[in-house]
Amino acid sequence: MRALIVDHAQPSGLRLGTAAQPAPRPDEVLVKVAAFALNAGDLATARGLKDGSVAGWEAAGHVVEEASDGSGPAVGTAVTTFGHGGGWAEYRTVNTAMLGAAPKDADLGAISTVPVSANSALRALRRSGPALGRRIMITGATGGVGRYAIQLAHLAGARPIAVTRSPERFGAELRDLGAQVVVADPADYQDTVHTVIDTVGGPLLVRAFDRLNTCGVLIALGHLATEEESFPPGALMATPDRNNRAVVSFHQFDGTALPPDFTWLSEQLAGGVLQPSIAWRKSWQHVEEAITALRDGTLHGKAVAELD
Ligand SMILES: NC(=O)c1ccc[n+]([C@@H]2O[C@H](COP(=O)([O-])OP(=O)(O)OC[C@H]3O[C@@H](n4cnc5c(N)ncnc54)[C@H](OP(=O)(O)O)[C@@H]3O)[C@@H](O)[C@H]2O)c1
């Protein structure tokens, strides 16, 4: 089968080539991939793999072979899938606990962004508690996770505060997604918030923590900053109005079932309730463009490659 294989001799570390088609285990389906989304984490993983390996976490397509243990969807079902590799290829095998069925008319490019970005935003919001009426600050708001977090927070009845280094450039887009306020830095927001979903880390996390009110929760979701977090003396001390605040370490695979959430998120995308915020979408033959943009930090949204 054709696949985007690791090739350390290439500037991007990847090239279109061929790989052996995988054979599903009893609890796996075989999926014909139509589109996959890229993440910085995928690229980091690919850098550590041997030449000829197939990386890729999230991909969408159709089931072409059912799980022999009867646990997964039927042949022909549109699915969004996660695996710790193997997604950047014409066919991938997927454990039936790592996929969600999608409406048959779903845009497969859009739902390929569900397993990592949308799912992370959903689980981070859940971890922070009820959202209704609360102010929720989202850093790295123009990114794949950030854009979903804004939309889901808005949908849940929260008041999202978006933090982007470029509020002039992205403010209108982020407000369209549901942000109530867009600021360049957490310190620019004068009020307090109940939740921070932080995808940036470093000094920005420290300044965002300073915005939390009593019982506020900061979800440390990502670390794009090159600097470490350093809390000034007294920053973690409680005061009557800022008591009992928490920093929560976070990983999207929190042990709760994925298929119902992958399916629900895919339905929201298919129904137009959520937008995938795809910033780059082309044939996988041009994937080097997206890889360069991801590595340079010039991509603000999801990159989706389509197989042809
Ligand atoms: N814990 C988990 O389970 C989990 C799951 C998914 C992702 N992640 C992690 O979460 C992070 C975000 O993922 P993503 O897919 O949303 O990333 P992304 O699409 O690359 O976007 C991140 C956004 O953060 C901002 N940013 C980038 N570098 C920055 C820096 N050095 N300082 C301040 N802002 C910066 C940019 O927005 P502006 O330029 O507009 O500010 C960018 O659009 C990554 O570290 C990823 O590995 C973790």
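In this predicted model, the chain carries 26 positive and 32 negative charges, and the mean positions of these two sets lie 3 Å apart. Across the whole structure, 15 salt bridges are found. Side chains of opposite charge can pair when their charged atoms come close.

Three of the pairs, including their N to O distances, are set out below.

| Salt bridge | N to O distance |
|---|---|
| R25 with E28 | 3.3 Å |
| R123 with D254 | 3.2 Å |
| R207 with D185 | 2.7 Å |

The R207 and D185 side chains form a salt bridge. This pair links distant parts of the chain, with R207 in helix α6 (residues 203–209) and D185 in the loop between β10 (181–183) and β11 (193–198), 22 residues apart. R207 is partly exposed at 34% relative accessibility, whereas D185 is buried at 14%. A network of salt bridges with shared partners joins R123, R126, D254 and D261.

Within that network, R123 and D254 meet in a salt bridge. R123 belongs to helix α3 (residues 114–128) and D254 to the loop between β13 (246–249) and α7 (259–270), so the pair ties together parts 131 residues apart in sequence. R123 is buried, with a relative accessible area of 1%, while D254 is partly exposed at 41%.

For R25 and E28, R25 is exposed at 53% relative accessible area, and E28 is buried at 8%.

As to the overall fold, the chain contains 8 helices and 15 strands. Its radius of gyration is 20 Å, which agrees with the value near 19 Å for a compact globule of 308 residues. Buried residues account for 53% of the chain.

Key
Residues are numbered from 1 along each chain as its sequence is written. This is a predicted model: local features need pLDDT of at least 70, side-chain atom pairs count only at pLDDT 80 or more; totals for chains, interfaces and linings use all residues. Side-chain values use heavy atoms; hydrogens and water are left out. Helices (H or I, at least four residues) and strands (E, at least two) are DSSP runs, numbered from the N terminus. The radius of gyration is taken over C-alpha atoms; the globule rule is 2.2 Å times the number of residues to the power 0.38. Buried means under 20% relative accessible area, exposed over 50%, partly exposed in between (1.4 Å probe, protein chains only). Lys and Arg count as positive and Asp and Glu as negative; His and the chain ends are not counted. The place of a charge is taken as NZ of Lys, CZ of Arg, CG of Asp or CD of Glu. A salt bridge is a side-chain nitrogen of Lys or Arg within 4 Å of a carboxyl oxygen of Asp or Glu.
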